Each structure stands twice: as structure tokens, then as C-alpha cells.
Amino acid sequence: MATKKIIFSFILLFFSISVFSQIERYPVFKACDSTTIAELPTCFKIQVKKAIIEEFKIPENVQQENFKGVINVVFLVDISGILKVIYINSPYKELKTEVERVFTTLPKITPAKYNNHPIEMQFVFPLSIPLENNISEEIVKKEVIVEVIKPTKEIVKVIAKNTLFPEHTSELNIPFTHAEYSSYDYYLNQAANSHTAVKPYIYSEVIKYIDLDAQKNKLIKPKSTWFGKKLWNEHMAFVKGENFWFTVNPGVDLQVGKDSEDIKTFNNTRSIHINGAIGKKFSFSTTFYESQGRFANYVNQYAESIKPDGGNPAIIPGRGIAKEFNTDAYDYPVAEAYVSYTPNKNFNFQFGNGKNFIGDGYRSLFLSDVASPYPFFKINTNFWKIKYTNLWMWMQDVRPELTVDGAYKQKFMAIHYLSWNATKKLNIGLFETVIWEDTNSRGFDVNYVNPLIFYTAAEFSTGSRAGNTLLGLSLKYKLKNVSFYSQFILDDFRASEITSSNGWWGNKNGIQLGIKYYNAFNIENLYLQAEYNAVRPYTYSHDELNLNYGHNNQPLAHLWGSNFRETIGIARYTKGRWFANAKIIFGQKGFDFDNGTDTFSYGGNVFEDNDNRASDYGNEIGQGNSASIFIGDLQVGYLVNPATNLKLFGGLTFRNFNPDAPTGVFDKSNSTWMSFGLRTDVFNWNLDF
């Protein structure tokens, strides 16, 4: 263990050294005409500050309220030499108006140049109020994508060597967290032909609708030291050559806390994140996490209940197989990586080890990110009003009854998802998937490689028990600040039993209904969401043990599996770098009994054989060992670094679990869990079960 830590520390130290160089020329005021190139940056900053402060008039109401503070002004000098305001971070509308007025009075100057061609150059000016406090404030150059004008007048996009966010124009995935994506959804919903269900998004797709640079520009803290820039604003290391770039960032997830059962909780994750691109069409990413942790008691109970065969004590939900650490904690390494290739505007190909999500809700009944990472190959096809996704995945079942000679049982999964913007406001999604196992040297069945085939027909042609197919339909309707969304999943049905109310077990389906409200009640950055999910007993299960809809003893769709109904309420708010997230979940779920006599499956565990059902008829949601569940979660924090999404946070979770009888996993309990930490927030922790 000590050797591992030494090697890991050496890697972080090695990649923490970044050297950037770029030959370029700053914009030139008339007073700086005779200044040398080396002294131009200083002269430019002096002249800008002088021109702004001499012209600036503090509004009367700001003076009356004796306001003291700093407003960040992000501005650019365009290719014609005109100074333009991009963003003003100010609590007063009058201050914004005054800044905009002042910039209209500034003289036209000689623009910045790159290879002797005019370019745009951006800056951040921290303007102090009162004005006499501006003596120590420094104008900081903000490196961005610039437009180079060649003699032919052709505009060519060039990335400067010291660009802060090179990933914004790449084919990389935007790390999927619900909090981060809730802010993207608002902008994507304003577009007439955007698609939001398949996640994670790709940067090059999102920048069509969102100015990601501008979003992060307004969060920049002007810093003059190398350490200050790396801690608050930038990637730790960034290297760029003629036709490539890559960034290297250390990551952490350091948490300490305590639950109401007097368990002292902690998580100690150290990680390394490497992202880059070769040319404009090929991007790559690799991440390694080394983690030790002990969680609230109910999380530990669940992790140990889904432990794999082979002696390891637990599977950490959403992460992976864990080994014992200090007798009462877990050690769980995780590795994720992928390559992404976009040959043209219509296609993107990805191959890697990670997660995917399909849906517009907090939960998904199609494919969620609640299970451990897995190998996958994905094709996204965009044309007209359609986005068509093909996804092939390699899964495993780690239960002892399916393990042979220490090797876990393999299975495969293929998905089609077609997203169609029927109108500017209405989106319709069609989903189908098939799961099959590696039996009789069948391996990866080529019948399911065809990206256009209907899986139900393919499954039937290979044998009635050759696989398990599911079908789904999604709808989304968007207004200016509101969007409605839904999913319907169909696992199995019998036409003659659909309209009857006799609860036939084989009518296996689920439904999701939800609404999102952006900038709620005209409060900027206030996001509200309400969602209802219900899944009938035995949905996602099968009578062939390895054909269930699960991976590594975790469901692939909803975290609760099946035989449940739940209602979710979510509120999120951001103000600059500060954020707050609140969530309430209440629902009912049917478990099996753990009394030694009633051994039937009541349809809540997707890994149970549905032939072991209690009854063919009379099945309803919540049957069996019914439990009422309430979860309340509050988290507040501060975004330390927008380039790496490093966050300082504090959280409080309350969970009430009240079953009719012990479930074999959870007993009746009231749990309160308080935690604090520092986290590189690049994935979802799904612990609300």
C-alpha cells in the first residue's frame, strides 16, 4: 500500500509542472505605440485601468448604500480593436449599466495579433468600489479560443497554447452529475432541435447552444501566482503541441462524517484525470480512483448485501467490488477510460469503460448510472430532427450460483434509442434493448450488431429463450422555462390481460412522469423538479438467472429495482460559486420476506427468478414485505475550481425506513448522516435507496 501511495504521489508531482508559451502581441493603445513587445501587456493594463476609472461615475444609489466590493468585468478587444463588455458580475443593475456606458467611450485601438494576424483577446478586470481601491487590482488576460483572420479573410478557429478550457471544443464527454446537467438543460431546451435524453453530453454538441467559456469566465478569480491560478481557476497541467493537447489533474473525494448510529464515516479518494485530443476529431480520457471508505450504516448494509462471490466483502454502489480495509471499512479501486471519434457532423463513435444514462429525469427506467462501470461501444448518429444512439455493453453476474471456477458469468446487452423532435416543443423517444448471455460458446451474438434491426424479431429468430428484450417510449414537451417529461417501459405483457384488473404477474411495466422549472418564480438559477416513478412487480427480472436487467448485483435502470412507487422533489440554487441542493423522496417498495419460511419472490428484486413468484394473479405494487421509505437530503457548498469541478461541501441526509418485517438487507430504522468534504465532482453518488 505504501509503495502505491509513493508512486501515486510521484505521478501527481510530475504532472503538476506545466509550462506554457505562446508568441503573441497584446492590443496597443496609442500611448503604447513606442513600447517594446515585452512591455506591451503592462502598458495595455495601465491604459485600460486609467481610461475606465477616469470615466467611471459611481451611481447615486450605490454611494448612498455605501457599497464596498469588487465587480468582475469580463471584456474583449475584438479583431477591429473595439473594447466590448462580455459579462459583469455585479449586485447592482446600475453598476452594470455604468460599466457598459464607460466601454462605449473607450477609444478604438490596435487589436491583438497572433502570427501577425488580428485576433480577439479576452480579459478580466476586477473593478473595486470605491474607485480609490483599484490601485492594487490587476487586469488578468483570459485565454480563450480566438479567431485568426488570414489574408484570404477566411476565419479559422485556433486554440492558444494556454487556453484555460481546451475541452470545450473537444469530442470529450461532459462529466455527468445531475447538478451540473440541470444548468445545461435550460439552454438546450431553448433550442428547437436539441436532444437531451442520452447522457453524458459531448462538449462539441453542447457548445452549439451554450457559451461554456462565458459560463466559466464569470467565475474566474483574478490570481497572479502560479499556485493561485491552479487552485482556483485552471487545470493543474496543460500541454499543447502543434496538433494535440492534454490536461492532467489530480482529484480527491475526501469526506468525514457521522451517522445517528454512531458510525464515524469517511471517504478517502485520490484520483488522476487525464483528458486530451489528437487533431480536431479524436479525443481521449482516462481516470483512476484509489479509494477507502466507510459509510452510513444503511449504505454499508446494502453494499455487503450485494457482495460478489469470491470472498470480497462488498460492492460499493455505483463504484465497484471492494476488499476489506482495517476490518470495518472498504478499499475500492475504480478505473474508467474511453476514446471518442467524430469523423463528421453526423457521427460520433466511443469505446471505453464507464457509464451511460438515457432519460430526462432524476431516475431512468431505461438505463441509469446506478451500477458499476462497464465496457461499452456507442454510436451517436445525428441528422435532420433525429438523434439515433446504438449502445453495446459487456456485463457480468457476480453471484455464487453463476460463478464457475472463480470466473464471473458474462452477459451482453444492446440498446437502440431514437430521439425525434416531432415539433419545436415535442420530442418523442423510442427505446429497445436485448440482454443475452455467453452460453454454448455463443459469445457476442452478431445478430444484435446490426444497428437498425428490431431486437424483438432478432431474439425470436435465435430461440425463444435466447435473450430478454424490453421496449420503451419517452415523451418530452418544453416551454420557455418549463419542461415535462415521461418514460414508459414494457418488459412483458399478455394482450388479453392488459385491460383486466386481476394483476397478472406477466404484465411487467413501469412509468415515469416529471416536470422541471428553470429560473423558478423569476429567480435566476433556481431550479425545481418533481418526479413520479412506479414499476410493477417482476419487471426487469427473468426466469433465466443471467438475463435480468442488472450488472454486478445492481439494477441497470431504477435504483430501487421493481415493485415500487416513489415521488421525488428537487431544488437547486447557485449564486456565483456558491450552491445548494435539496432533495426529498418518499415511496413504497415491496421486498421479499426473510423469515426462513416464506421463500417466494414478490417481484422487488430483479435478480430473483420470476418463476418463483407467490401468485400468477393479484399482483400489485408494494406487495410482499411492504416498506415505506422517506429520504431528505440537503447539501450546500462552494465551487473551488470550475476547470476541475472541485467543490467544498457539507451535507445532511435523513432516512426513515419502515418495513412490515426485516428484509434481510435493511431493518426498521431512522438514520441521520452528516458529512463534510472536498470533492472533485465528476460522477453521481446514488445512495438514496
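Tutor: Accessible areas here come from the Shrake-Rupley method with a 1.4 Å probe, and for residues only the protein chains shown count as cover. The model is predicted, so local features need pLDDT of at least 70 and side-chain atom pairs count only at pLDDT 80 or more, while totals for chains, interfaces and linings use all residues. Residues are numbered from 1 along each chain as its sequence is written, and side-chain values use heavy atoms, with hydrogens and water left out.

Student: OK, what does the accessible surface of the chain come to?

Tutor: Carbon and sulfur atoms hold 58% of that surface. The whole accessible surface comes to about 30100 Å².

Student: And what share of the residues is buried?

Tutor: Buried means under 20% relative accessible area, exposed means over 50%, and partly exposed is in between (1.4 Å probe, protein chains only). The chain has 689 residues, and the buried share is 54%.

Student: How many helices and strands are there?

Tutor: Both are DSSP runs numbered from the N terminus: helices are H or I with at least four residues, strands are E with at least two. The chain comes to eleven helices and 34 strands.

Student: Of the contacts between residues at least 6 apart in sequence, what share joins residues at least 24 apart?

Tutor: A contact means heavy atoms within 4.5 Å. With that cut-off, the share is 65%.

Student: Which proline follows Lys199 through a cis peptide bond?

Tutor: There's a cis bond from Ile129 to Pro130 too, with omega near 5 degrees, and Pro130 lies in the loop between β5 (121-129) and β6 (140-142). For the bond after Lys199, omega is near 5 degrees. The proline there lies in the loop between β9 (198-199) and α6 (203-206); it is Pro200.

Student: Asn525 and Tyr540 both have odd backbones. Which of them counts as buried?

Tutor: Phi is near 70 degrees in Asn525 and near 75 degrees in Tyr540, positive values in residues other than glycine. Asn525 sits in the loop between β26 (508-517) and β27 (526-535), and Tyr540 in the loop between β27 and β28 (550-551). With a relative accessible area of 34%, Asn525 is partly exposed. At 2% relative accessibility, the buried one is Tyr540.

Student: On to the rings. What kind of pair do Tyr26 and Phe44 make?

Tutor: Rings of Phe, Tyr and Trp (its six-membered ring) pair if their centres lie within 6.5 Å; planes under 30 degrees apart are stacked, over 60 edge-to-face, the rest tilted. That rule gives 40 aromatic pairs. The centres of Tyr26 and Phe44 are 6.0 Å apart and their planes stand at 70 degrees, so the pair is edge-to-face.

Student: How many residues apart are Tyr26 and Phe44?

Tutor: Tyr26 is in the loop between α1 (2-15) and α2 (40-55), whereas Phe44 is in helix α2. Tyr26 counts as buried at 11% relative accessibility, and Phe44 does at 0%. This pair links distant parts of the chain, and the separation is 18 residues.

Student: What kind of pair do Phe295 and Tyr332 make?

Tutor: Phe295 is buried with a relative accessible area of 6%, and Tyr332 is buried at 1%. Their ring centres are 6.3 Å apart with planes at 50 degrees, so the pair is tilted.

Student: Which residue lies over the face of Trp505?

Tutor: A charge sits over a ring if NZ of Lys or CZ of Arg is within 6 Å of the ring centre and within 35 degrees of the ring normal. The charged end of Lys221 sits over the ring of Trp232, 5.6 Å from its centre. Over Trp505, at 3.8 Å from the ring centre, lies Arg613.
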